[in-house]
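Please read the following report alongside the sequence and the coordinates. It deals in turn with nonpolar packing, a sheet and one helical residue.

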Amino acid sequence: SRSSAASDVYKRQQIYGPCSQFSETKDIKDNRFYKAHHVFSTDCSAYHDWQSVGLIESWLNLNKPTNLTRLISCDGPLPDPILEMKKTYPEVNFYQVKTAKSFMNSSLAFLNKPTSVHQWILEVDIAEDFVIVTDPDWILLEPFDYRGVDKGKPLTAIGFPADHFHEHPTWRKICGKICDDLKYPEDYQGYNVGHVYITHKDDMKKLAVGWSKWSHYIRERNDPDIQGGGHMVDMFGYQLSAMEQRLKHEIREYFDLSHPDDPKTAKVFHFQALHYCQGIRMGDFHWGKHDVVNSSYLDCNGTAHLPLPPFSEKGLFSVKITQERYYLMLAGILNRGFAAYKLRVCKDQPIVLPFSNLTHVYELV
């Protein structure tokens with residue numbers, strides 16, 4: 001049950017501090033900026049619960065710049081932790097995919113996102129003009145800037161090159177007639193999509209049909225030389241759907257930060273989100289989202305949190321975006337999100353705020 005006393009104690013800015021680390025706060029006058037519906041796809045596991053809390057809390061800290069929906073792929077009734085989360089976050093929509101299959105088993109893994117978005121966009125009449133699709137492992141640093149998106153003009157972050165549909169025999173066979181009229185390499189550049197998709201809702205209604213169709217087709221073929229599309233099968237399915245619809249995407253190379261060790265990334269200090277799809281390694285220290293598949297981060301009686309890493313001699317004050325800077329910022333935001341969630345749902349009891357000795361962690365990074 002939620003505690004009213006905890007709600008009184010909870011002060012968002014005291015927990016979070018400034019909402020953006022690399023970029024300046026924007027005063028955007030374009031009203032369309034606020035006419036988007038952000039959806040993120042999950043199953044009903046504890047692994048996706050704590051990631052959802054991280055994303056939701058970062059969204060709340062930005063004063064809810066979009067509508068927000070958690071898409072949930074799982075069999076049977078929703079488990080109690082998700083029901084509690086629905087009560088805890090009345091501002092967030094929770095949509096369960098109506099399916100008799102689990103999309104996280106060995107044969108259908110990684111199909112939850114295209115299947116969920118397909119069902120949601122066709123069944124839910126959203127008022128917003130634009131749709132933003134991500135995974136749950138995102139932390140928002142500022143509202144997504146999707147100005148320029150319109151019908152026929154989708155936006156994405158740079159992803160896996162679409163060249164493989166031309167160069168690899170199996171992928172070329174799968175692409176078939178879709179690729180016949182494409183000139184290589186110029187016509188392939190607008191389909192190097194990945195990480196986040198931002199489209200007009202009418203475009204997403206068309207894309208989602210092909211996205212689900214092609215993702216399932218690739219997985220069911222299970223060609224040994226492409227391993228059924230692997231863990232990026234949904235990205236390949238989306239590429240094929242976009243190519244089929246001839247919907248070239250504007251591609252922003254530094255939309256989110258997910259590879260802090262990339263030399264190119266080290267020169268860029270403006271990102272709208274952290275995408276912690278990659279594990280972090282610094283000497284003997286390692287943290288990755290796959291290390292925590294239970295609910296320990298959200299347990300009221302627990303003290304689990306992202307640990308503070310050892311710092312190098314140069315510490316956090318390098319001119320680069322180092323692994324240390326990235327991880328400390330990610331850990332600080334997630335830990336404060338977990339603490340905020342506990343204050344919302346737990347009975348009156350002391351809540352340990354990890355990194356409490358770094359009250360100005362945002363200024364450090």
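The account below describes a predicted model, beginning with its nonpolar cores.

The largest nonpolar core holds 57 residues, and the members that touch the most others are Trp50, Phe144, Tyr146, Ile198, Leu274, Trp287 and Leu334. Helix 11, which spans residues 323-345, gives the most to this core, contributing 10 residues. Apart from it lies another core, of 37 residues, which includes Ile174, Tyr191, Val233 and Leu240. In soluble globular proteins, nonpolar side chains tend to be buried together.

When neighbours within four places in sequence are left aside, Trp50 is in contact with Tyr276, Trp287, Lys289, Val292, Asn294, Tyr297, Leu298, Leu334 and Phe338.

An open sheet of three strands follows the order 5-10-9 with mixed pairing, and its strands are listed here.

| Strand | Residues | Place in the sheet |
|---|---|---|
| Strand 5 | 138-140 | edge strand, pairs on one side only |
| Strand 9 | 256-257 | edge strand, pairs on one side only |
| Strand 10 | 273-275 | pairs with strand 9 in the parallel sense over two bridges |

Leu257 stands opposite Leu274 in strand 10, and Leu274 is also one of the residues that touch the most other members of the largest core. Helix 11 lies across strand 5, strand 9 and strand 10, running at about 100° to strand 10.

Ser215 has its place in helix 9, residues 201-221. Is Ser215 buried or exposed? Ser215 counts as buried because its relative accessible area is 0%, where the cut-off is under 20%. Not counting residues up to four places away in sequence, Ser215 touches Leu111, Pro114, Gly210, Val233, Asp234 and Gly237, and among these Val233 belongs to the core of 37 residues.

Technical notes: Residues numbered from 1 in each chain as written. Predicted model: local features only at pLDDT ≥ 70, side-chain atom pairs only at ≥ 80, totals over all residues. Heavy atoms only, no water. Core = buried A, V, L, I, M, F, W, Y, C linked by side-chain atoms within 4.5 Å. Buried < 20%, exposed > 50% of the residue type's maximum accessible area, 1.4 Å probe, protein only. Helix = DSSP H or I, 4+ residues; strand = E, 2+ residues; numbered from the N terminus. Contact = heavy atoms within 4.5 Å. Pairing = 2+ DSSP bridges. Axes fitted to C-alpha atoms, helices over the stretch in contact; angles between N-to-C directions.
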